[in-house]
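Notebook open, coffee poured. I want to look up a few side chains, the packing and the empty spaces in this one.

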Amino acid sequence: MLDGLRLDPQWMQRKLDALGGPGPLVADYEKLVTDRQSLHGLIGRTLRLTTGILARDERQLLPQLHGRLLACPDPAAPAFLDRARQLIKPPALLTQRLGLTPPGAETARLEGHTGRVSALSVLPDGRLASGSDDNTIRIWDSKTDAETARIEGCDHTVQALAALPDGRLVSGAFDGTVRLWDPKSGVVTARLEGHTGWVRSLAVLRDGRLASGSDDKTIRLWDSTSGKEITRLEVDAAVRCLCTLPATDGQGCRLVAGDALGCLHWLEFIE
C-alpha cells in the first residue's frame, strides 16, 4: 500500500500542501526506498533536487516531476507522468521535452542566495556554510538541505570561508577584513585587520591558527584566539587559494598557496 501511495501524485500533492514544506515528503522516499534507480527512487531524488523550488511554490510539484522524469526508463513512469499531468491545475507551464535537470549526478540543490556563491566550508557539526555576493553567510543542514541560519552582518562580498575547531566560522571579504563569527548567534566575535586587498582564501592549521591570502600579495598567519597577526610573507602576485598538507616529519602541517601568476608556494612555519 505504501509503495502505491508513493506512486500517487495526488497523495504527494496533498501531503505537501498539508505539511507546508517538502521535507517530510522527501524523507518518505529517502528512508523507505532502497533502489535509487527504481521509479520510487527517481521520484525521491527528483524531490530532493527540487526542494528549494517546492519550498517557494508548492504548486510546482507536479510540473517539476513531469519535466524532470520525461526520460525515465521505468515501465511504470508513463502512467505516473500521465496521472501527474491530469492533476495539474491550469494555468501552468509544462516542458514538452527533457530540458530540466533529471535525477542523476546532482543529488540536491540548495537555493536561497541572491548573488554568486563564492565560498563554502563545512562546520565541525557537519553543516555547510556558504558565502555570497549577496553579503550573507548561510548555514545549511546537509542532510535535509534546509537553511538553518543566516548571517546578514557582512558589509561586503564574502569571498572566503573556513571553520575553526571550536565551531566559529571565519570569513574573508572584499574590504580586506577577516571576521570570526559565532554561527549560532550570527555575531562577530573578532575582526582581524591588516590586509589592504580582497581576502580571497583562508586555511586553518591543525593547531587552530589561521592563514589568509589576499590580493595585496601577502599571506598572513593569525592567532585565532587573540586575533593578533603572528607573521606574514609577501609574494609576487595576488594570493587566490590556500590549503594545508601534513608536515614531512609528521608533526604540524605545511601551507600551500596558489597565486594569480600560476605559481604554487610551499611554506613551512618556523617558530
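Ring rule first: I count rings of Phe, Tyr and Trp (its six-membered ring) as a pair if their centres lie within 6.5 Å, and planes over 60 degrees apart make a pair edge-to-face. Also to keep in mind: this is a predicted model.

**Aromatic rings**

How many aromatic pairs does a search of the whole structure find? I get 1. The partners are Phe-174 and Trp-198, with ring centres 4.8 Å apart and planes at 80 degrees, so I log the pair as edge-to-face. Both residues sit in loops: Phe-174 between strand S6 (169–173) and strand S7 (178–182), Trp-198 between strand S8 (187–192) and strand S9 (199–204). The pair therefore ties together parts that are 24 residues apart in sequence. I also checked the accessibility of Phe-174, and at a relative accessible area of 40% the residue is partly exposed.

**Asp-216**

Next I went to Asp-216, which I find in the loop between strand S10 (210–214) and strand S11 (218–222). Buried or exposed? Asp-216 has 15% relative accessibility, so I note the residue as buried, the cut-off being under 20%. Its side chain makes a polar contact of 3.0 Å with the side chain of His-195. Skipping neighbours within four places in sequence, I list His-195, Thr-196 and Gly-197 as the contacts of Asp-216.

**His-113**

Then His-113, in the loop between H7 and strand S1 (117–122). With a relative accessible area of 17%, His-113 is buried too. Which side chains does it reach by polar contact? One is Asp-134, at 3.0 Å from side chain to side chain. Another is the side chain of Thr-136, at 3.4 Å. Leaving out neighbours within four places in sequence, my contact list for His-113 reads Ser-130, Gly-131, Ser-132, Asp-134, Thr-136, Arg-138 and Trp-140.

**Nonpolar core**

I pulled up the largest nonpolar core, which has 21 residues. Which of them touch the most other members? I wrote down Met-12, Ile-43, Leu-47, Leu-61, Leu-65, Leu-69 and Phe-80. The elements giving two or more residues to this core are helix H2 (9–19), helix H3 (23–32), helix H4 (39–49), helix H6 (61–68) and helix H7 (77–87). I followed Phe-80 a bit further: apart from neighbours within four places in sequence, Phe-80 is in contact with Leu-7, Pro-9, Met-12, Leu-39, Ile-43, Leu-65 and Leu-69.

**Pocket**

On to the empty space. The largest pocket comes out at a volume of about 530 Å³. I have 21 residues lining the pocket, and the closest to its centre are Arg-59, Gln-60, Pro-63, Ile-88 and Lys-89. H2 and H6 each supply at least two lining residues. Which element gives the largest share of the lining? That is H2, with 4 residues.

**Cavity**

Last lookup of the day: cavities of 30 Å³ or more, and the count is 1. I get a volume of about 40 Å³ for the largest cavity. Its lining is made up of Cys-154, Asp-155, His-156, Val-158, Ser-171, Ala-173, Arg-179 and Trp-181. S6 and S7 are the elements that give two or more residues to that lining. I had met both strands already, at the ends of the loop that holds Phe-174.

Key:
Residues numbered from 1 in each chain as written. Predicted model: local features only at pLDDT ≥ 70, side-chain atom pairs only at ≥ 80, totals over all residues. Heavy atoms only, no water. Buried < 20%, exposed > 50% of the residue type's maximum accessible area, 1.4 Å probe, protein only. Polar contact = N/O pair within 3.5 Å; in protein donor to acceptor, adjacent residues only side chain to side chain. Contact = heavy atoms within 4.5 Å. Phe/Tyr/Trp six-rings, centres within 6.5 Å; stacked < 30°, edge-to-face > 60°. Core = buried A, V, L, I, M, F, W, Y, C linked by side-chain atoms within 4.5 Å. 1 Å grid on protein atoms, 1.4 Å probe; cavity = no way out; pocket = protein on both sides within 12 Å on 5 of 7 lines; lining within 4 Å. Points joined across faces, edges and corners; volume = space filled by probe spheres on them.
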